[in-house]
Amino acid sequence: MTASPPPITVPQANPGAGYRALQAEIDAAVARTLASGWYILGQELRAFEAEFATWLGLPAAAGCGNGTDAIALALRAMGIGPGSAVATVSHTAVASVAAIEMVGATPVLVDIDPLHYTMDPADLAAVLADPPAGLPPIRAVLAVHLYGQPADLDAILPLCQRHGIALIEDCAQAHGAALHGRRVGGFGQAATFSFYPTKNLGALGDGGAVASQDAGLVTKVAALRQYGWRTHYISDDIGVNSRLDEIQAAILRVRLAHLDAQNARRRAIAAAYDEALSGTSLQPPARRADADHVFHLYVVRAKARAAMQARLREAGIGTGIHYPQPVHLQPAYRDRVAMGPARCVATERAAEEVLSLPLYPELTDAQVDQVCSALRTLG
Ligand SMILES: *Cc1c(COP(=O)(O)O)cnc(C)c1O
């Protein structure tokens, strides 16, 4: 008989703790919504959309079923589908790439900057200047603000402008992240969000949204998310059913009011981890200059990752890997998706070494100390 491992005392993520921290407020919001008798596209969603847009500093936002649909709806609202290619990264949640194919467009995968793990503008420039043979015209860039850190928009935005193509920001991991003091989501033509329970702004179920500086684009998304209706029962466009329901909207209103404080707590925990990692073999995450990172994930680089993960596990600390296999190597995409000339070499290297430590606002000071002392002795 082998000894069973000690219990995990600090899980890598803990959506239940997120609920319990705001339980009274959330329960009241859910009860209010249940009692209202209105469960789909009502006043909770309208209020959330307005509050979220204001918080982002944008004129409008439209809720939808999840963050994958948000990308697909943004693309469709911009007229991007079959006959168009969209450049994004391979080091991301597969959803970024799946959404591009959902609308019939063709993804082309660009390598990452190995320091910040976001899109490498040099590889993007190269693929825009000389696209792979047979690829339809690249009509948009889907930049992912990965782990809570803004992508290098200072370099990416001018490239999009020079080539006359759209920038869409995948903000699923970056609610509240900022560049030059401006929140992400307002730089491109459209921004997409996920409210998956573990995201910085999480529902207790699925949810997503599209926001934009262009209120007209948001109106198009709002029609497409419900059968292409502008008037009930009359489809002006071929739409889908991807709605953010009233209960989730009511929960998100509660959580939005706490988000700035929770992002500050994430940053404080990240600072404690940074300090604990100095002098260890683990490489802490780099911060982009003049950017506010919101630490959806705290990702270190470990040369002997499996051994490190096992040692932390023995110390009761859960870890995760985001992401273990780049999209272009996954069975559904392998040998099929186009890549930039850098061939995603930095992406493949990162996938072997990235390790996500526990990070969410409900971690107690004692849990943070436990992780820090484990990092000092084991790292
Ligand atoms: C979570 C996530 C998505 C997809 O969101 P869902 O709500 O799970 O569909 C898209 N892109 C990124 C970068 C994500 O992290």
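**Close-ups of the ligand site and a few odd corners**

**View 1. Gln173 meets the ligand.** Here, a polar atom in the side chain of Gln173 sits 2.8 Å from one of the ligand's oxygen atoms. Keep in mind that this is a predicted model. Asp170 joins in too: an N or O atom of its side chain is 2.8 Å from a nitrogen atom of the ligand. Then look for Asn66, whose side chain has an N or O atom 3.5 Å from a ligand oxygen. How much of the ligand's accessible area does the protein cover? On its own the ligand has 380 Å² of accessible area, and the protein covers 89% of that.

**View 2. The pocket and its shell around the ligand.** Zoom out a bit, and you'll see that the ligand takes up the space of the largest pocket. Two elements each give two or more residues to the shell around the ligand: α4 (67-77) and α5 (94-102). In total, 14 residues surround the ligand, and the closest are Gly67, Thr68, Gln173, Ser194 and Lys199. What kinds of residues make up this shell? Eight are polar, four are nonpolar and two are charged.

**View 3. Two rings, Phe48 and Phe195, edge-to-face.** The model has ten aromatic pairs, and here's one of them. The ring centres of Phe48 and Phe195 are 5.5 Å apart, and their planes meet at 80°; angles over 60 degrees count as edge-to-face, so that is what we call this pair. Phe48 belongs to helix α3 (residues 43-56), while Phe195 is in the loop between β8 (190-194) and β9 (208-212), so the pair ties together parts that are 147 residues apart in sequence.

**View 4. A cis peptide bond at His322 and Tyr323.** Most peptide bonds are trans. The bond joining His322 and Tyr323, though, is cis, with omega at about 15°. To find Tyr323, follow the loop between α10 (305-314) and β14 (338-339).

**View 5. Tyr117 and its positive phi.** Most residues other than glycine have a negative phi. Tyr117 isn't glycine, yet its phi is positive, near 70°. You'll spot Tyr117 in the loop between β3 (106-110) and α6 (121-129).

Note on methods:
Residues are numbered from 1 along each chain as its sequence is written. Side-chain values use heavy atoms; hydrogens and water are left out. A residue is near a molecule or strand if one of its heavy atoms lies within 4 Å of it. A polar contact is a pair of N or O atoms within 3.5 Å; within protein, one must be able to donate a hydrogen and the other to accept it, and residues adjacent in sequence count only if both atoms are side-chain atoms. Accessible areas come from the Shrake-Rupley method with a 1.4 Å probe; for residues, only the protein chains shown count as cover. On a 1 Å grid over the protein atoms alone, a cavity is a set of points where a 1.4 Å probe fits but cannot get out, and a pocket is an open set with protein on both sides within 12 Å along at least five of seven lines; lining residues have an atom within 4 Å of a point. A molecule sits in a cavity or pocket if more than half of its atoms lie within 2 Å of its grid points. Helices (H or I, at least four residues) and strands (E, at least two) are DSSP runs, numbered from the N terminus. Ala, Val, Leu, Ile, Met, Phe, Trp, Tyr, Cys and Pro count as nonpolar, Asp, Glu, Lys and Arg as charged, and the others, Gly among them, as polar. Rings of Phe, Tyr and Trp (its six-membered ring) pair if their centres lie within 6.5 Å; planes under 30 degrees apart count as stacked, over 60 as edge-to-face and the rest as tilted.
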